[in-house]
Amino acid sequence: NLGLLLESGIRKPARKVEWFRAPQVSVLIVDDVKMNLKVMSALLDASEMHADFALSGQECLKLAAQKKYDLIFMDHIMPGMDGEETFRRMRVMNPNPNRDTPVIMLTANAMMGAKEEYMGAGFSGYISKPVREEELRDICMQYLPDEKIQRTEVRSEDSVIQTDSQVQNTQDAKLEKLSEILDIKTGIAYCADDAQLYLEILSEYVLPERMQQIDEAYEKQNWNNYRVGVHSLKSTSKTIGAIKLSEMALSLETAAKQQNVEYIKEHHAMTMQIYENLKSNIRQILS
């Protein structure tokens with residue numbers, strides 16, 4: 001309900017949540033998309049745990065060889081070394097301070113049977129992308145050492161986060177315009193019901209790197225890299241509430257996986273044009 005969302009402040013619904021503090025915990029988050037790392041960092045911020053970030057499988061192996069982590073989150077589809085290969089290499093490397101560290105797969109392809117597949121490969125579990133705050137919190141509480149978690153149970157009241165009126169009015173105006181082109185309710189929900197974080201994530205979404213990667217892979221007819229690019233487009237678009245574009249990217253991802261080049265060539269240009277138009281509109285609203 002956009003009217004309720006915009007009236008005087010951002011209202012957070014009453015809900016019973018088991019919160020925790022874990023300032024002694026260290027986690028490693030592996031994802032090739034900076035926007036996803038920013039979302040994960042924001043979702044974990046309330047826990048006070050320390051998070052390191054890796055943008056590739058190679059960076060993950062380097063960090064995992066140097067430091068013991070309490071929990072590792074591993075993106076599945078990445079360019080070059082994907083999450084499964086990174087996980088296999090990490091388990092056999094020497095020295096390896098993280099041989100027994102729980103590793104959670106981050107995947108935008110959580111289908112029936114996915115749990116059994118990931119568990120069979122040695123992962124401790126998985127989280128579907130876009131990541132939801134409650135699911136992430138449950139995973140952390142399940143796999144982090146009990147002695148490092150300070151648990152408290154609270155009920156948050158229906159409250160308004162007060163901000164400077166001029167800043168609030170500007171934010172509200174942006175959200176109102178964005179609601180014409182995006183499902184902002186979905187987008188804000190994926191950002192822990194934080195409208196300001198949602199606007200920051202949109203600023204990451206409009207950066208040019210992803211489109212460049214997809215177009216370059218298309219021109220070179222490198223369909224594996226193309227699949228990685230549109231896979232990320234699918235996930236990040238869903239995160240901001242660009243549902244139709246996310247569905248179009250999913251169709252291209254499926255075609256690339258099946259080597260259906262004819263479908264890709266028929267739909268690539270239109271999808272990229274819609275993507276570029278959306279980014280242009282978002283930039284204009286944010287500015």
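In the predicted model, Asp-193 occupies the loop that runs between helix H8 (184–189) and helix H9 (195–205), and its phi is positive, at about 60°, although Asp-193 is not a glycine. A second residue other than glycine with a positive phi is Gln-259, for which the angle is near 60°; Gln-259 is placed in the loop between helix H12 (243–257) and H13. Most residues other than glycine have a negative phi, and most peptide bonds are trans. A positive phi, near 90°, is also found at Gly-241, the residue that follows H11.

Two cis peptide bonds can be described alongside these backbone features. One joins Asn-94 and Pro-95, with omega at about 5°, and Pro-95 belongs to the loop that lies between helix H4 (83–92) and strand E6 (103–107). The other runs from Lys-129 to Pro-130, where omega is near 0°, and here the proline is part of the loop between strand E7 (125–128) and helix H6 (133–143). Both Lys-129 and Pro-130 reappear in the lining of the largest cavity, which is considered below.

Taken as a whole, the protein contains 13 helices and 9 strands. Of its 287 residues, 47% are buried, and its accessible surface comes to about 14,200 Å², with 48% of that area belonging to carbon and sulfur atoms. Among contacts with a separation of 6 or more, 70% are accounted for by residues that stand 24 or more positions apart.

Individual residues of the strands illustrate this pattern of burial and contact. Phe-73, in strand E5 (residues 71–75), has a relative accessibility of 0% and therefore counts as buried, the cut-off being under 20%. When its neighbours within four places in sequence are left aside, Phe-73 is in contact with Leu-28, Ile-29, Val-30, Met-40, Ile-104, Leu-106, Ile-127, Leu-136, Ile-139 and Cys-140. Of these partners, Met-40 and Leu-106 are also named among the residues that line the largest cavity. The C-alpha atom of Phe-73 is separated by 9.6 Å from that of Gly-83, which is 10 residues away along the chain.

Ser-26 is found in strand E3 (residues 26–30), and because its relative accessible area of 13% falls under 20%, Ser-26 is likewise classed as buried. Apart from residues up to four places away in sequence, Ser-26 touches His-50, Lys-67, Lys-68, Tyr-69, Asp-70 and Leu-71. The contact with Leu-71 brings together residues that are 45 positions apart in sequence, with a C-alpha to C-alpha distance of 7.1 Å.

The situation of Met-270, in helix H13 (residues 261–286), can be set beside that of these two strand residues. With a relative accessible area of 44%, Met-270 is partly exposed, because this value lies between the 20% and 50% cut-offs. The C-alpha atoms of Met-270 and Met-248 are 9.6 Å apart, although 22 residues separate the two along the chain.

Helix H11 comprises 18 residues and spans 26 Å from its first C-alpha to its last, close to the 26 Å that is expected at 1.5 Å a residue. H11 is mostly covered, in that 15 of its 18 residues are buried. The same helix, which runs over residues 223–240, supplies at least two residues of the lining of the largest cavity.

A search for enclosed space gave 2 cavities of 30 Å³ or more, and the largest cavity holds about 110 Å³. Its lining consists of Asp-31, Asn-36, Val-39, Met-40, Leu-106, Lys-129, Pro-130, Val-131, Ser-235 and Thr-239. By residue type, this lining divides into 5 nonpolar, 3 polar and 2 charged residues. Helix H2 (34–44), like H11, supplies at least two of the lining residues, and H2 gives the most, with 3. The cis bond described above, from Lys-129 to Pro-130, thus connects two residues of this lining, while Met-40, another lining residue, is in contact with the buried Phe-73 of strand E5.

Key: Residues numbered from 1 in each chain as written. Predicted model: local features only at pLDDT ≥ 70, side-chain atom pairs only at ≥ 80, totals over all residues. Heavy atoms only, no water. 1 Å grid on protein atoms, 1.4 Å probe; cavity = no way out; pocket = protein on both sides within 12 Å on 5 of 7 lines; lining within 4 Å. Points joined across faces, edges and corners; volume = space filled by probe spheres on them. Helix = DSSP H or I, 4+ residues; strand = E, 2+ residues; numbered from the N terminus. Nonpolar A, V, L, I, M, F, W, Y, C, P; charged D, E, K, R; others polar. Buried < 20%, exposed > 50% of the residue type's maximum accessible area, 1.4 Å probe, protein only. Contact = heavy atoms within 4.5 Å. Areas by Shrake-Rupley, 256 points an atom, 1.4 Å probe, with all protein chains shown as cover. Expected span 1.5 Å × (residues − 1).
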